[in-house]
Amino acid sequence: SARVSSGPWLSLSLVKLAPAEFQGGSFTISNLGMFGIKTFSAIVNPPQACILAVGAAESKVVPATSKDGPKFEAATTVTVTLSCDHRVVDGAVGAEWLKAFKSYIEDPSSMLL
């Protein structure tokens with residue numbers, strides 16, 4: 001006969017969290033960019049809800065807006081990846097947070113308004 005044992009995998013298979021599994025958790029930032037890593041995906045460790053992986057800043061050539069025809073300019077870019085525990089934070093909510101984060105990084109003064 002089959003026997004079901006208890007363990008952390010059981011709550012994962014049922015896609016439900018007990019309060020003790022998410023209480024005290026929040027948001028983590030992992031910065032491997034300071035070591036020259038351009039992009040990576042971080043793994044969410046319970047009880048955290050999300051983790052933001054921050055890669056290295058790098059200079060890239062990008063199209064510039066100009067009335068005189070096509071031009072290019074240098075821009076500093078950084079890649080960030082948001083990993084969410086979908087039992088705690090819906091992916092669509094995480095995507096909206098990432099959109100707001102992008103707008104604040106691109107225009108920091110907008111945080112003051």
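How many bridges join strand E1 to E2, and do the two run parallel or antiparallel? There are 5 bridges between E1 (residues 27-31) and E2, and the two strands run parallel. Keep in mind that this is a predicted model. Strand E2 is a good place to start reading it, since 5 of the 5 residues in E2 (residues 50-54) are buried, so the strand is largely enclosed by the rest of the structure.

**The chain as a whole**

- The protein chain carries 3 helices and 5 strands, and from the N terminus on they come in the order α-α-β-β-β-β-β-α.
- Of the 113 residues in the protein chain, 19% are buried.
- If you take the contacts in the protein chain with a separation of 6 or more, 41% of them are between residues 24 or more positions apart.
- The accessible surface of the protein chain adds up to about 8,500 Å², and carbon and sulfur atoms account for 61% of that.

**Strand E2 and its partners**

- On one side of E2 you'll find E1, paired with E2 in parallel through 5 bridges; within that pairing, Ile-29 has Leu-52 as its bridge partner in E2.
- E2 also pairs with strand E5 (residues 80-84), this time in the antiparallel sense and over 5 bridges. Here Leu-52 has Leu-82 as its bridge partner in E5.
- In a regular strand, side chains alternate between the two faces of the sheet.
- In E2, Cys-50, Leu-52 and Val-54 point one way while Ile-51 and Ala-53 point the other way, and all of them are buried.

**Two residues to look at in E2**

- Leu-52, which sits in strand E2, has a relative accessibility of 2%, so it counts as buried.
- Beyond its neighbours within four places in sequence, Leu-52 is in contact with Phe-27, Thr-28, Ile-29 and Ser-30, with Val-80, Thr-81 and Leu-82, and with Trp-97, Leu-98 and Phe-101.
- Leu-52 and Asn-31 are 21 residues apart in sequence, and their C-alpha atoms are 8.3 Å apart in space.
- Ala-53 is also in strand E2, and its relative accessible area is 1%, which means it is buried.
- Setting aside neighbours within four places in sequence, Ala-53 is in contact with Ser-30, Phe-40, Ala-42, Thr-79, Val-80 and Thr-81.
- One of those contacts, Ser-30, is 23 residues away from Ala-53 along the chain, with 4.9 Å between the two C-alpha atoms.

**Loops and the hairpin**

- Most residues other than glycine have a negative phi, and most peptide bonds are trans.
- Check the peptide bond that joins Pro-46 and Pro-47: it is cis, with omega at about 10°. Pro-47 is in the loop between E1 and E2.
- Ala-56 lies in the loop between E2 and E3. With a relative accessible area of 11%, Ala-56 is buried, because the cut-off for buried is under 20%.
- Not counting residues up to four places away in sequence, Ala-56 touches Gly-33, Gly-36, Ile-37, Lys-38, Thr-77 and Val-78.
- Ala-56 and Leu-32 are 24 residues apart along the chain, with their C-alpha atoms separated by 7.1 Å.
- Strand E3 (residues 58-64) is joined to E4 by 7 bridges, and the two run antiparallel. One pair to look for is Lys-60 with its bridge partner in E4, Ala-75.
- E3 and E4 make a hairpin with 6 residues between the strands, and in the turn Gly-69 has a positive phi of about 105°.

**The largest pocket**

- The largest pocket has a volume of about 270 Å³.
- Strand E4 (71-77) and helix H3 (91-106) are the elements that give two or more residues to the lining of the largest pocket. H3 gives the most, with 5 residues.
- The lining is made up of Ala-57, Thr-76, Thr-77, Val-78, Thr-79, Val-80, Leu-98, Phe-101, Lys-102, Ile-105 and Glu-106.
- By type, the lining of the largest pocket divides into 6 nonpolar, 3 polar and 2 charged residues.
- Some names here come up elsewhere too: the contacts of Leu-52 include Val-80, Leu-98 and Phe-101, and Ala-56 touches Thr-77 and Val-78, among others.

Terms used
Residues numbered from 1 in each chain as written. Predicted model: local features only at pLDDT ≥ 70, side-chain atom pairs only at ≥ 80, totals over all residues. Heavy atoms only, no water. Buried < 20%, exposed > 50% of the residue type's maximum accessible area, 1.4 Å probe, protein only. Helix = DSSP H or I, 4+ residues; strand = E, 2+ residues; numbered from the N terminus. Pairing = 2+ DSSP bridges. Contact = heavy atoms within 4.5 Å. Areas by Shrake-Rupley, 256 points an atom, 1.4 Å probe, with all protein chains shown as cover. 1 Å grid on protein atoms, 1.4 Å probe; cavity = no way out; pocket = protein on both sides within 12 Å on 5 of 7 lines; lining within 4 Å. Points joined across faces, edges and corners; volume = space filled by probe spheres on them. Nonpolar A, V, L, I, M, F, W, Y, C, P; charged D, E, K, R; others polar.
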